[in-house]
Amino acid sequence: MDLMLLGAIVMATLTAALFFLRFWKHTRDRFFLYFAMSFGIEGVNRAALALTGNPNEDRPFFYFVRFLSFVLIVVAIAEKNFVKRKHP
Amino acid sequence: MDQKFIPDDVAQFVTDKIDSVAELEALLLLRNAPDREWTARELSMRLYLNVKDAVDILAALSAKGLALCKTGDPDAYKYQPGLSEVGKMIDRLCDIYAKQIVPVTNLIHSKSKTRVQEFADAFKLRKKDD
Amino acid sequence: MAGFFYSLCALTAALCALLQLRAFHRSGYRLLLWGGVCFAGLALNNGLLVVDKLILGADIDLFTYRLVVALASVVVLLYGLIWDAD
């Protein structure tokens with residue numbers, strides 16, 4: 001059951017990442033690229049978790065990658081708020 | 001770069017109210033003959049649209065308060081901007097469109113992507129846009 | 001260590017949820033609703049992780065519940081991306 005849930009989470013997260021990638025392509029807004037990367041690495045993170053025999057989120061690898069995925073989101077937000085955009 | 005040719009308030013009006021080039025053409029067509037009423041079929045023939053698109057465009061213009069709909073069989077639409085400021089805005093837009101057709105059409109086409117841009121813009125902490 | 005980082009993740013997700021739902025309230029763009037719900041769910045997911053690891057003992061394990069919350073969150077976002085992204 002847990003493995004199925006994890007697999008579904010991986011698929012859904014990576015698919016969301018693909019959508020963000022598409023939005024980045026259409027809008028040229030780097031914000032979406034950050035989100036695509038964030039969801040992408042989190043999807044891979046969950047996959048890695050599923051592939052360990054004994055899923056344990058205490059392991060530094062897993063919480064570092066999850067943290068990194070959220071750092072990317074923070075960077076996206078920061079860039080949106082504190083960087084002057086060149087207007088097209 | 002295009003938006004340097006279009007004043008900000010006109011650009012804002014286009015972004016808010018105009019969804020397609022065909023819609024803009026229809027609005028300006030109605031404006032050119034302000035006493036005339038147009039049916040969707042007449043519009044479709046004049047602008048080389050299919051009738052369904054013409055129906056949608058006229059309905060949209062009416063919903064946005066830019067045209068008056070006279071229900072009947074068929075419905076007929078007349079130029080009716082409502083507030084005088086809106087009328088003046090459309091006059092300016094008409095003038096700008098005549099001189100800078102490419103920047104205006106680019107603005108309209110870029111608009112079709114901006115709805116998803118709202119997802120990103122939600123993360124702006126300050127309310128005013130830059 | 002893990003608790004610290006996951007707490008930060010939960011806070012970040014909560015902030016995202018807040019910003020998205022605030023924007024949804026203003027503009028009515030439905031993708032913002034789904035995004036907000038997703039991030040709220042991810043905040044809950046990470047929050048539950050912290051609770052699970054630090055507060056609850058070894059006899060209670062929220063792992064499956066947390067997975068359900070995470071899955072529901074991302075599915076809601078996916079639904080929004082597919083149907084309401086415009």
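Let's start with B:Val104 and what it touches. Setting aside residues up to four places away in sequence, B:Val104 touches B:Ile6, B:Val14, B:Ile96 and B:Tyr97. Please keep in mind that we are looking at a predicted model. Where does B:Val104 sit? You will find it in helix α6 of chain B, which covers residues 101–111. Take one of those partners, B:Ile6: along the chain it is 98 residues apart from B:Val104, yet their C-alpha atoms are separated by 7.5 Å. And is B:Val104 buried or exposed? It has 23 other C-beta atoms within 10 Å, and the cut-off for buried is 20 or more, so B:Val104 counts as buried.

Let's stay in chain B and move to its sheet. This is an open sheet of three strands, in the order β1-β3-β2, and the pairing is antiparallel. β1 and β2 of chain B are at the edges; each has a single partner strand, so one side of each has no neighbour in the sheet. As a general reminder, strands of a sheet pair through backbone hydrogen bonds.

Now the pairings themselves. How many bridges join β1(B) to β3(B)? There are two, between antiparallel strands, with β1 of chain B spanning residues 38–39. Within β1(B), look for B:Thr39, which stands opposite B:Ala76 in β3(B). On the other pairing, β2 of chain B, residues 67–70, is matched with β3(B) over four bridges, again in the antiparallel sense. Here B:Ala67 has B:Tyr79 of β3(B) as its bridge partner. If you follow the chain from β2(B) to β3(B), you pass through a hairpin of five residues.

The side chains of β3(B), residues 76–79, are worth a moment. They alternate: B:Tyr77 and B:Tyr79 point to one face and are buried, whereas B:Ala76 and B:Lys78 point to the other face and are not buried. There is a helix to add to this picture, too. Helix α4 of chain B, residues 51–63, lies across β2 and β3 of that chain, at about 115 degrees to β2(B).

Next, chain C. What does chain C contain in the way of helices and strands? It has three helices and zero strands, giving the pattern α-α-α along the sequence. Chain C has 86 residues, and 44% of them count as buried. Among its contacts between residues at least 6 apart in sequence, 67% join residues at least 24 apart.

How do chains A and C meet? Their contact takes 19 residues from chain A and 20 residues from chain C. On the chain A side, the elements giving two or more residues are α1, residues 2–27, and α3, residues 60–82. The largest share of that side, 10 residues, comes from α1(A). By type, the chain A side divides into 13 nonpolar, two polar and four charged residues.

Last, the cores. The largest nonpolar core has 56 residues, and those with the most contacts inside it are A:Ala16, A:Phe20 and A:Phe35. Elements from three chains give two or more residues to this core: α1, α2 and α3 of chain A, α7 of chain B, and α1, α2 and α3 of chain C. The largest share, 10 residues, comes from α1(C). There is also a second, separate core of 23 residues, and B:Val10, B:Leu27, B:Ala67 and B:Tyr79 are among them. So we meet B:Ala67 and B:Tyr79 again, the bridge partners from the sheet.

Key
Residues numbered from 1 in each chain as written. Chains lettered and ligands numbered in written order. Predicted model: local features only at pLDDT ≥ 70, side-chain atom pairs only at ≥ 80, totals over all residues. Contact = placed C-beta atoms within 7 Å. Nonpolar A, V, L, I, M, F, W, Y, C, P; charged D, E, K, R; others polar. Core = buried A, V, L, I, M, F, W, Y, C linked by C-beta atoms within 7 Å. Buried ≥ 20, exposed ≤ 12 C-beta atoms within 10 Å, placed from the backbone. Pairing = 2+ DSSP bridges. Axes fitted to C-alpha atoms, helices over the stretch in contact; angles between N-to-C directions.
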